[in-house]
Amino acid sequence: PLHAPIDSLSLDRVVRFLELFGATGTFEYDATLGSEFLAAARATGALAMVEFFTSEQAKFAQRAQRVITFEEWMQHQMDDDFWCLIDGGVYDLTKFMRTSHPGGTAPLQAVQRDASYWFEIYHATDVSYTLMKGLYVGQLKPEDLERVPPTPHPVSPEFLQHLRSFTVHWRQSA
């Protein structure tokens, strides 16, 4: 019998992981909940889950420190390989556009441009900010920011402040 101090939400996370990962070998999850999944795995002794989320956190830590050059960012400006730039952060929207984005390929209007303006007018919600962590690739090299064509309209300071309040814990300084 299991004698671990665990709440029902944590147990549900473990069960969902074991069911999906066991059946498919993959597990899609909200990246902002990675540490909670890892804690649940440790509390129950689910070793495969501990290994999976430890590996995921290590991968994310590498991305969080990654600096992307303008040239590398430009290599990912196609409809089948699209890295979006928002407030200096680079996000891989390729799979998200095909599978989950309600506007389909609408983000492609920001090809080779800073997408901050479009993100503010269409996605300035806490839900959208939360999704960003799982899509984060790295930070555009600060000196390369001036090479990126600006947004058609300036973004509001309130938007940037709110966005940064979500990303400050896992993203390099903007």
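Two strands count as paired if DSSP finds at least two bridges between them. Helices (H or I, at least four residues) and strands (E, at least two) are DSSP runs, numbered from the N terminus. The model is predicted: local features need pLDDT of at least 70, side-chain atom pairs count only at pLDDT 80 or more, and totals for chains, interfaces and linings use all residues. Residues are numbered from 1 along each chain as its sequence is written, and side-chain values use heavy atoms, with hydrogens and water left out.

**Exercise 1.** Describe how β2 is joined to β3.

Step 1. A hairpin through 2 residues makes the connection between β2 and β3.
Step 2. Strand β2 covers residues 77-78 and runs antiparallel to β3, with 2 bridges joining them.
Step 3. Gln77 has Phe82 in β3 as its bridge partner.

**Exercise 2.** Find the pairing of β3 with β4 and the burial of β3.

Step 1. Strand β4 (residues 89-92) is antiparallel to β3 and is joined to it by 4 bridges.
Step 2. Opposite Tyr91 of β4 stands Cys84.
Step 3. Of the 6 residues of β3 (81-86), 5 are buried, where buried means under 20% relative accessible area, exposed over 50%, and partly exposed in between (1.4 Å probe, protein chains only).

**Exercise 3.** Compare the settings of Asp87 and Gln112.

Step 1. Asp87 lies in the loop between β3 and β4; its phi is positive, about 50 degrees, although Asp87 is not a glycine.
Step 2. Asp87 counts as buried because its relative accessibility is 11%.
Step 3. Gln112 lies in the loop between α5 (94-99) and α6 (116-123), and its phi is positive, near 60 degrees.
Step 4. Gln112 has 39% relative accessibility and therefore counts as partly exposed.
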